[in-house]
Structures are given as C-alpha cells and as structure tokens.
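Biologist: I am new to this structure and would like to learn how to read it. Could you walk me through its features one at a time?

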Amino acid sequence: MPGKYYLKSLSKYSKKNAKKENKFSSFSPDEDLLLIDYEAFGVPATASVYVASLKRDFKKSKKSDAEFIYYAKSGRLFFNENGVVKGFGKGGVVGLFRKSASLNSSNFLFSDEVPPPPEPVTPPEPITLPEPVTPAPPTAPTDGLFANG
C-alpha cells in the first residue's frame with residue numbers, strides 16, 4: 001500500500017519555507033503518492049505536473065501551462081502560479097525531495113482530500129523530585145560536660 005504525503009500550500013513559495021513545511025526526504029517514488037489539494041492551490045482538478053529531467057527541459061517547463069514542475073536534478077517541486085507566462089508568478093519552490101529522486105507523473109495525485117490533522121504532542125509528565133532533607137542543627141549535650149561555670 002503506497003504511503004500518502006500531503007503537499008501544503010505556502011504563504012510564500014521559497015526553498016526556506018518548503019524546507020519547513022514540505023520536505024519529503026523519505027518519499028519513495030516506487031511506493032508513495034504526493035496528494036495535492038487542488039483547491040488549496042487554486043488550480044483545476046485536472047492540473048498537471050511537468051517532470052523535467054534535464055536543464056533544458058526545466059527551462060522549457062517554466063513556459064508551459066503545467067501548474068506544477070518537478071525538476072529531478074535538484075529534487076525541487078515548483079508551483080507555476082502564472083501558467084505559460086515566463087517564470088512562476090507568485091509561485092516558486094513548494095516541495096523538496098531527495099536530489100535525483102526519479103519521480104514521475106504517477107507519483108502526483110490531485111485531490112480535494114484534506115490532510116489529517118497532525119498527531120497531538122502530549123508533553124511528558126513532569127518529574128517530581130522529593131523535598132531535600134535538611135539535617136537538624138546540632139543540639140547542646142544535656143549531661144553537663146560542656147556547661148560553663
């Protein structure tokens with residue numbers, strides 16, 4: 001059964017933000033799927049991913065109408081917000097994979113499936129240390145050995 005990974009929409013598309021939210025270092029191209037919520041990105045359900053293996057393919061892809069571009073050499077997934085217009089518009093790097101991971105179009109699935117909420121992190125119970133024992137102050141002997149007088 002393939003593993004499901006979810007691509008999150010970012011407030012600003014950059015390598016730094018992608019590294020925080022969409023880094024898929026354990027993604028296995030032979031087994032896993034990347035689910036892309038087309039509604040979150042404002043793209044049609046029929047959106048596509050252009051897979052570029054060579055630098056010249058990548059340059060060509062930036063002028064394509066594909067909504068997403070995967071550049072295998074760098075392991076980066078780009079959101080092509082402005083379609084056929086040169087560049088990515090307000091888009092940019094949206095996901096990071098291992099360099100030279102051989103993803104293909106079958107690794108990407110456009111869906112309106114919402115990712116499951118993250119598992120809540122339960123903080124560990126605090127450790128209660130016993131109160132320190134303070135030794136009693138020495139008392140004067142009552143047998144009169146040290147009595148003055």
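Biologist: Where along the chain is Lys 73 placed?

Modeller: Lys 73 sits in the loop between strand 5 (68–71) and strand 6 (76–79). Helices (H or I, at least four residues) and strands (E, at least two) are DSSP runs, numbered from the N terminus. Before we go on, a word on the source: this is a predicted model, in which local features need pLDDT of at least 70 and side-chain atom pairs count only at pLDDT 80 or more, while totals for chains, interfaces and linings use all residues. Residues are numbered from 1 along each chain as its sequence is written, and side-chain values use heavy atoms, with hydrogens and water left out.

Biologist: Is Lys 73 buried or exposed?

Modeller: Here is the general idea: buried means under 20% relative accessible area, exposed means over 50%, and partly exposed lies in between (1.4 Å probe, protein chains only). The areas come from the Shrake-Rupley method with a 1.4 Å probe, and for residues only the protein chains shown count as cover. Lys 73 has a relative accessible area of 55%, so Lys 73 is exposed. For the protein chain of 149 residues, 36% count as buried.

Biologist: Which residues gather with Lys 73 in a patch of positive charge?

Modeller: Lys 55, Lys 59, Lys 63 and Lys 86 join Lys 73 in that surface patch. Patches are made of residues with over 30% relative accessible area and no salt bridge; like charges are joined within 9 Å, and nonpolar side chains (Val, Leu, Ile, Met, Phe, Trp, Tyr) within 5 Å. Lys and Arg count as positive and Asp and Glu as negative, while His and the chain ends are not counted. The place of a charge is taken as NZ of Lys, CZ of Arg, CG of Asp or CD of Glu.

Biologist: How far is Lys 99 from Lys 73 in space?

Modeller: Their C-alpha atoms are separated by 5.9 Å, although Lys 99 and Lys 73 are 26 residues apart along the chain. Lys 99 belongs to the loop between strand 7 and strand 8 (108–111), and at 67% relative accessibility Lys 99 counts as exposed.

Biologist: In what order do the strands of the open sheet stand?

Modeller: In general, strands of a sheet pair through backbone hydrogen bonds, either parallel or antiparallel. Two strands count as paired if DSSP finds at least two bridges between them. In this model, five strands form an open sheet in the order 2-7-6-5-4, with mixed pairing. Strand 2 (23–24) and strand 4 (49–52) stand at the edges with a single partner strand each, so one side of each has no neighbour in the sheet.

Biologist: How many bridges join strand 6 to strand 7?

Modeller: Four bridges join them, and strand 6 and strand 7 (residues 92–97) run antiparallel. Arg 76, for instance, has Leu 96 in strand 7 as its bridge partner. The C-alpha atom of Leu 96 is also 7.8 Å from that of Lys 15, 81 residues away along the chain. Lys 15 is found in helix 1.

Biologist: Which residue forms a salt bridge with Glu 21?

Modeller: Side chains of opposite charge can pair when their charged atoms come close. A salt bridge is a side-chain nitrogen of Lys or Arg within 4 Å of a carboxyl oxygen of Asp or Glu, and by this rule the count comes to one. Glu 21 pairs with Lys 8, and their closest N and O atoms are 3.3 Å apart. Glu 21 lies in helix 1 (residues 15–21) and Lys 8 in the loop between strand 1 (4–7) and helix 1, so the pair ties together parts that are 13 residues apart in sequence. Glu 21 is partly exposed at 40% relative accessible area, and Lys 8 is partly exposed at 41%.
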